[in-house]
Amino acid sequence: MQLNNKDMIIEKQNNELTALRNENAVLKDALIELQQQMNWMKKQIFGSKSEKSCTLMNDGEQLSMFSQTDSEKAKVSDKEETINVPAHKRKKKRTHNDWMSKLEIEEVVHHIDTAALICDKCDSEMKVVGTEKAWDELVYVPAKYYVRRHMTETAKCLNCGSDESQDSMHDDIDKCSFRKSTAPSPLIPHSFCSRELIANIIYDKYNNAVPLYRKEKSLANKAIYLLRETMSNWVIHMAENWGVPVVTAMKTELLKSSVIHADETPFRVLHEEGRKATADSKMWVYCNGKLSDKSIVIFDYKPTRKSEHPVNFLKGFSGYLVCDGYQGYNAVPEVTRCACLAHIRRKFLKTLPADKKQQQTSASAKVIEYITKIYSIEEKLKDVSPEIRYDQRLAETKPLLDALYSYLESVTTLKGSFSEAVKYTLNEKKYMYSFLESPDVPVDNNRCENSIRPFTVGRKNWLHANTPSGAKANAIWYSIISTAYANGLNVEQYLIDLFSNPAGNIILPWNE
């Protein structure tokens, strides 16, 4: 009986030991994950914001100032993979003389002092025979505010009612005839807003990320006392009457594209019906491919992240949809969904060990190495013809992609955030290969992420929208201004030209 008790005690202790070991393993995994998160947050706050592998994996250390020897260069060149691409022409590097030559020139001639127009040799009078350029300077003229007062003319007939001797009380006597000229209607009913003023307000807010309260202070400093509430109402009115027809036409053109990028970002609208002020709304962004002849970027405000929003927006589109791993995009019919390699790379960058010695041998570094090689090939293929890009991707990129997924499927040690990164990558596998079907499809969604950046910069300044109508106006003007800027237009002048036409007249924000 005593032996049985001892066995029971030993068995109980073994069970407790096993439970403690299991608990210890779980806590270690949790600690590793927390350390990874803490290291990532430190990098976000104190480190470089670059996502380049060489920057993050070397902790942003400066490269050696000493050049490589010939033998070292030979070793590196032997290891590097190369592909043959045909020669191509590069754009000429732009200098300041190129764009300054298109500006208005004001010549300032510095005359010789009259007393100095005497020859030092013979004391004879000298004559100015020519001028030459000494140097150029770029001049800025501060904004000028003035009142444009619209006046109407009144004309009087010189014959009608000219005979004052006639009884003016009789109906059959001709009375004086007058005629008045017609003045154009105000741009915004019952306001003093000009097309130049509202163009500048919209340009500053959406292109320069200047909130209306800062614009109010800036104008007050120039003795222009314009309330932010008034400017906000003007912006919304112009969006509804001038902006909506333009964005509708832009959307029609966008849906004709073979490639569309999609993404979304959160922001807050304070007074949405049935929603708390702290609830996040979504600004969806859609843009065409980088290889298109013109850039089109459209922002679309929606209160939620439901899949019905991209489904409704992309109705009629049947090309390639490049996006992140959000499953709501799967509901979009008749499209070929493509994954984003940058999202995959970003997830593994977060899982790199904090210890620099362990980075190079870690599984995360191995995955990043595959992805870096794929990007290296894409960089070499960006200026070649579509046919060559298609063939080289199949010959060079596809084997690397196969090797990447083969490696991930063979990895057995899955812990913490690395496990989540692997799971995300494997779930995206069927979409990751889609870019190999068309040379016009990129490997990532960076095109859309770069397009959404001006909105996120502005959001840091103006923080939130007050009403849904204001949020819709934000979407309209970010769409028009981002597109105009991407197509190289003078954005402020484009807005002035747009507002110079009656509401409903469409001037698309690209060069045709």
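A salt bridge is a side-chain nitrogen of Lys or Arg within 4 Å of a carboxyl oxygen of Asp or Glu. The side chains of Arg195 and Glu196 satisfy this criterion, with an N to O distance of 3.6 Å. The model examined here is predicted.

The chain has 512 residues, and buried residues make up 35% of them. Its secondary structure comprises 17 helices and eight strands. The exposed area of the chain is about 33,800 Å². Carbon and sulfur atoms supply 52% of that area. Contacts between residues at least 6 apart in sequence were also examined. Of these, 66% join residues at least 24 apart.

The structure holds 18 salt bridges. Glu196 takes part in a salt bridge with Arg148 as well as in the one with Arg195. For Arg148 and Glu196, the closest N and O atoms are 2.9 Å apart. Arg148 lies in the loop between α4 (96–100) and β1 (154–156), whereas Glu196 belongs to helix α5 (residues 195–206), so the pair ties together parts that are 48 residues apart in sequence. Arg148 is partly exposed, at a relative accessible area of 36%. Glu196 is partly exposed too, at 27% relative accessibility. Arg195 has 32% relative accessibility and therefore counts as partly exposed, because that class lies between the 20% and 50% limits.

A further salt bridge joins the side chains of Glu428 and Arg337, at 3.6 Å from N to O. Glu428 sits in the loop between α13 (416–427) and α14 (429–432), and Arg337 in strand β7 (residues 336–338), so this pair ties together parts that are 91 residues apart in sequence. Both Glu428 and Arg337 are buried. Elsewhere, Glu253, Lys256, Asp293 and Lys294 are joined into one network by salt bridges that share partners.

Helix packing was examined next. Two packed helices are described by the angle between their axes and the distance between the axes. For helix α7 (residues 228–254) and helix α17 (residues 491–499), the axes come within 11 Å. They cross at roughly 100 degrees. The two helices, α7 and α17, are therefore roughly perpendicular to each other, because angles of 65 to 115 degrees fall in that class. On the α7 side, Met238, Trp242 and Val246 meet the α17 residues Tyr494, Leu498 and Phe499.

Individual residues were then considered. Lys215 is located in helix α6 (residues 212–221). Its relative accessibility is 6%, so Lys215 counts as buried; the cut-off for that class is under 20%. Neighbours within four places in sequence were set aside for the contact list of Lys215. The remaining contacts of Lys215 are Tyr145, Asn200, Ile201, Asp204, Val210 and Met231.

Phe46 is placed in helix α1 (residues 2–46). At 70% relative accessibility, Phe46 counts as exposed, because the limit for that class is over 50%. Phe46 also belongs to a nonpolar patch on the surface, formed with Met41 and Ile45. Together, Met41, Ile45 and Phe46 have about 380 Å² of accessible area.

Definitions and conventions: Residues are numbered from 1 along each chain as its sequence is written. This is a predicted model: local features need pLDDT of at least 70, side-chain atom pairs count only at pLDDT 80 or more; totals for chains, interfaces and linings use all residues. Side-chain values use heavy atoms; hydrogens and water are left out. Helices (H or I, at least four residues) and strands (E, at least two) are DSSP runs, numbered from the N terminus. Buried means under 20% relative accessible area, exposed over 50%, partly exposed in between (1.4 Å probe, protein chains only). Contact means heavy atoms within 4.5 Å. Patches are made of residues with over 30% relative accessible area and no salt bridge: like charges are joined within 9 Å, nonpolar side chains (Val, Leu, Ile, Met, Phe, Trp, Tyr) within 5 Å. Accessible areas come from the Shrake-Rupley method with a 1.4 Å probe; for residues, only the protein chains shown count as cover. Axes are lines fitted to C-alpha atoms, for helices over the stretch in contact, and angles run from 0 to 180 degrees between N-to-C directions. Angles under 35 degrees count as roughly parallel, over 145 as roughly antiparallel, 65 to 115 as roughly perpendicular and the rest as oblique.
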